[in-house]
Amino acid sequence: MKKIKKIKISNGLFWVEIPEVQLYIQCGCPADSVKHLMKRGIIVDQEKGGATCETGPNAIVLSDMMIQNGSFANLAEFPVLQMFYRQGMIIPNHPNNSGDNPILIGLREQVEAQMRYIFRGNYGLTSKEEMLAAGVPPDQVDEQMRMKLRFAFGNIRASEALLDHRFVDSDPVEVRDGVVIQRLRVNLFRITYGSEHVDVDLNLSYSANYQAPYPLSFHSIRREYFGIIHSGDGDGWDINRPSMASILMFQGKIYLIDAGPNIMASLSALGIGINEIEGLFHTHAHDDHFAGIPTLIRAGHRIKYYATPPVRASVAKKLAALLTMPEEDFGEYFEVHDLEYDVWNNIESLDVMPLFSPHPVETSIFHFRTIWQNGYSSYAHYADIVDLDVLDGMAGPSEENGITATLVAKVKADYAKPAQIKKLDIGGGMIHGKAEDFRHDRSEKMILAHTALELTDQEKEIGSGAPFGTVDVLIPTLQEYVWKYAYEFLESYFPNAPIDQIRILLNNEVVTFNPESIILKSGNINDDIFLILTGSVEMINANSGMRDMMSAGVLVGDISALNNEPSSRTYRAASFVQALRMPCSVYMYFIKTNGLYDEVERLQVKRSFLQRTFLLGGALSYTTQNQIARRMQEITVKAGEKLEHENQPDLFVIIDGEMERALGDDILEILGPTDVFGEELAVFDTPPLFETRASVNTRIYSIAGESVRDIPLIRWKLFEIFERRRRRVLEVGEGGQVPLIWRAEYHVHINEMDQQHQELFRLGKDVLDLIDSQTGGEPLKHAFCQLIKYTHFHFDDEISLLRRRDYPELAAHERQHHVLLNQIEELKEKMVAQDYVISENCDFIEFFKKWLVDHILSEDRKYGTFFRVSGWGM
């Protein structure tokens with residue numbers, strides 16, 4: 001009988017169990033992974049030692065890559081909560097509390113990122129200083145900190161105190177009790193027990209995506225003047241429904257209220273394309289309201305982000321923890337609009353009032369209103385709220401150990417504010433509300449949500465339900481917004497065309513395609529061109545394996561019509577789709593009459609190429625594609641030649657041929673048609689480390705960096721590429737080990753700093769040589785202390801230099817030094833411990849690789865460029 005068993009649960013998610021040693025491993029951790037395990041019967045209720053609890057994993061293997069195909073690959077917050085509370089592993093005296101902590105397994109950088117993200121997911125802002133920096137009024141900081149501690153049972157605990165870890169690189173690592181895991185290559189793991197093993201591949205193919213655990217029916221929804229689409233009434237444990245969320249329609253524009261897991265599946269089912277989203281109103285940073293953030297980043301424009309400053313700060317810190325990126329980068333992906341508590345904030349005639357709601361992390365509830373015939377029409381969204389009995393229990397006899405009666409009274413008064421429609425969280429327990437608190441609420445209609453349970457009869461007397469896709473219309477529209485969308489798209493595509501000419505195109509039929517209908521088939525010559533107005537369209541080329549999702553603002557069939565040739569791709573409706581159908585003859589008349597033929601023909605060649613690429617195709621609108629195409633220049637690199645782009649902030653895409661990316665004599669990557677490079681400098685302001693040379697004659701498009709760096713979809717995809725390539729630098733050498741040899745490419749071109757970096761390499765190599773020779777004891781401790789001492793000297797000297805030169809990224813650089821020093825001091829404590837075991841030094845090796853190589857090659861070389869541009873090279 002086999003001792004080890006593997007089950008594929010869904011794309012990128014596997015289950016491996018070794019019952020003999022009671023080890024149950026969840027491999028992969030995408031959004032809603034717990035719901036998938038519940039759906040497959042892996043997580044079920046059981047009776048154990050007189051207690052009712054769930055089965056489930058006690059270890060998680062993380063993906064090597066935080067992002068796969070644009071979605072988060074590692075979201076361990078809810079799996080860890082399931083282990084702690086629903087299995088009982090952290091509950092005192094519970095039969096499942098054996099003293100063993102859940103285990104996170106993976107690359108050091110991914111494990112540490114998850115530790116930081118889980119910490120932020122548990123607590124949000126964790127100090128008075130962070131609260132003040134986030135705009136919490138000074139007279140409220142102490143009370144909010146006391147409230148946070150009450151939710152945290154009096155103690156904010158580091159994730160490392162609650163979770164164990166196993167760092168896995170190229171060498172085998174024991175998980176426990178003889179079970180060994182080894183990383184064979186990127187995202188491919190071998191788990192061995194005795195003579196048996198299973199291999200787990202967490203890579204997603206190019207055309208694959210993480211799947212939703214629940215099926216959703218398709219809906220065709222009219223865009224209203226003021227209305228609410230109910231896009232979720234479940235919670236983070238509901239296997240049949242999306243988590244609590246709503247979509248607000250106002251004057252034909254689409255606003256999301258929260259962005260939970262698998263939001264793309266919800267949008268597709270509702271017939272809403274990603275490019276239709278105007279903004280996001282965000283209540284808080286728990287995963288069931290946060291995990292859809294990457295989907296919104298994939299839009300072709302920066303979506304407006306509306307939240308109070310404390311919520312925005314909490315969300316930015318959590319996202320930064322996940323992606324190991326500066327918090328400031330949040331504004332690169334969203335157009336941030338801070339909202340003020342307790343007042344009406346006007347957003348283009350829509351009034352929004354955020355109200356404070358007690359919760360473990362910073363949380364706002366929202367009231368929305370707009371003027372209408374007899375006053376205001378209004379909607380209130382209450383996720384997440386607190387049970388009023390719990391709130392009363394938080395009021396202490398003195399301000400030192402509880403929250404004040406004044407705050408309790410204010411929260412109750414805020415919760416009682418009436419609205420035409422009020423949607424509220426009735427999840428119960430310590431951190432959610434209950435329906436009974438609203439039995440006498442004066443709102444016209446209440447909707448009960450945020451629960452995985454069926455409503456009781458008592459709850460049904462209090463409020464209504466709102467199944468997925470139902471709509472509450474507060475103010476009906478008396479116009480068809482699709483014509484407005486069509487006009488705006490055409491005007492942006494053809495800004496110099498007279499309005500009377502645009503009306504020629506507008507005087508055509510708006511058609512609706514059912515989900516999964518073919519709009520244009522590969523190999524067919526089309527009679528019509530379709531301007532997508534609502535919904536999502538799938539673009540497929542089965543021969544090349546290409547598949548991408550397109551949204552509102554895209555033209556389908558224009559390239560084949562212009563060339564009078566069969567379409568090279570198939571286009572299918574992924575949802576209900578509305579499109580303006582323009583006969584090819586009318587479209588060609590418009591193009592030629594307005595003198596646009598030559599320009600359109602030039603641009604269409606480049607756009608046709610862009611649409612074949614992973615990076616630049618997909619959801620980008622026709623306008624955005626044209627803007628990029630106008631900045632594209634073709635260049636040729638002859639075989640054996642190097643492309644000099646060290647000072648050229650351009651993005652490069654290969655048309656045909658082959659390029660090698662090399663570090664010294666090591667070839668790290670071979671690039672072919674449609675592959676991209678140059679993202680380091682073009683988008684992330686990091687000087688290129690690699691030499692890029694042609695192995696055959698190669699044609700390349702050069703694209704000005706400023707034309708793509710502010711497009712969230714492109715920036716997000718490039719971030720994924722950038723991180724993957726940085727990781728490859730850390731695997732140069734035999735067996736994936738970094739050869740700690742100073743290279744000319746590592747120079748920051750400031751003599752003093754280069755000399756100090758070389759000394760750090762030398763001291764680090766001394767430590768690693770002792771580890772490699774299994775020399776422990778005093779020699780190893782001495783070498784380690786020498787390295788730490790010199791590190792402090794170097795960091796002080798470097799910061800002093802940057803301060804003298806007014807380096808604009810000084811604060812962020814100083815924060816990174818602080819993190820690195822804390823990590824190295826932790827390792828030093830291990831080194832001087834009496835029970836120190838040399839085999840534990842894999843921790844140090846991983847840290848050293850990331851520190852000396854990754855930090856110097858990325859962050860330090862940025863200031864080298866700043867000095868050189870400023871004329872201060874030394």
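Strand β30 and strand β33 (residues 555–556) pair in the antiparallel sense over 2 bridges; two strands count as paired if DSSP finds at least two bridges between them. Strands (E, at least two residues) and helices (H or I, at least four) are DSSP runs numbered from the N terminus. The model is predicted, so local features need pLDDT of at least 70 and side-chain atom pairs count only at pLDDT 80 or more, while totals for chains, interfaces and linings use all residues. Residues are numbered from 1 along each chain as its sequence is written, and side-chain values use heavy atoms, with hydrogens and water left out.

Within the β30–β33 pairing, L531 stands opposite L555. Strand β30 (residues 528–534) is also joined by 6 bridges to the antiparallel strand β35 (residues 577–583). Of the 7 residues in β30, 6 are buried, where buried means under 20% relative accessible area, exposed over 50%, and partly exposed in between (1.4 Å probe, protein chains only).

A further group of 4 strands forms an open antiparallel sheet in the order β36-β42-β37-β40. Its edge strands, β36 (632–637) and β40 (676–677), each pair on one side only. Strands β37 (residues 650–656) and β42 (residues 698–704) are joined by 6 bridges.

Opposed residues in two of the antiparallel pairings are as follows.

| Strand pair | Bridges | Opposed residues |
|---|---|---|
| β30 and β35 | 6 bridges | F530 and R581 |
| β37 and β42 | 6 bridges | I654 and I700 |

S268 lies in helix α6 (residues 263–269). This residue counts as buried because its relative accessibility is 15%. Leaving aside residues up to four places away in sequence, S268 touches F218, A574 and S575, contact meaning heavy atoms within 4.5 Å.
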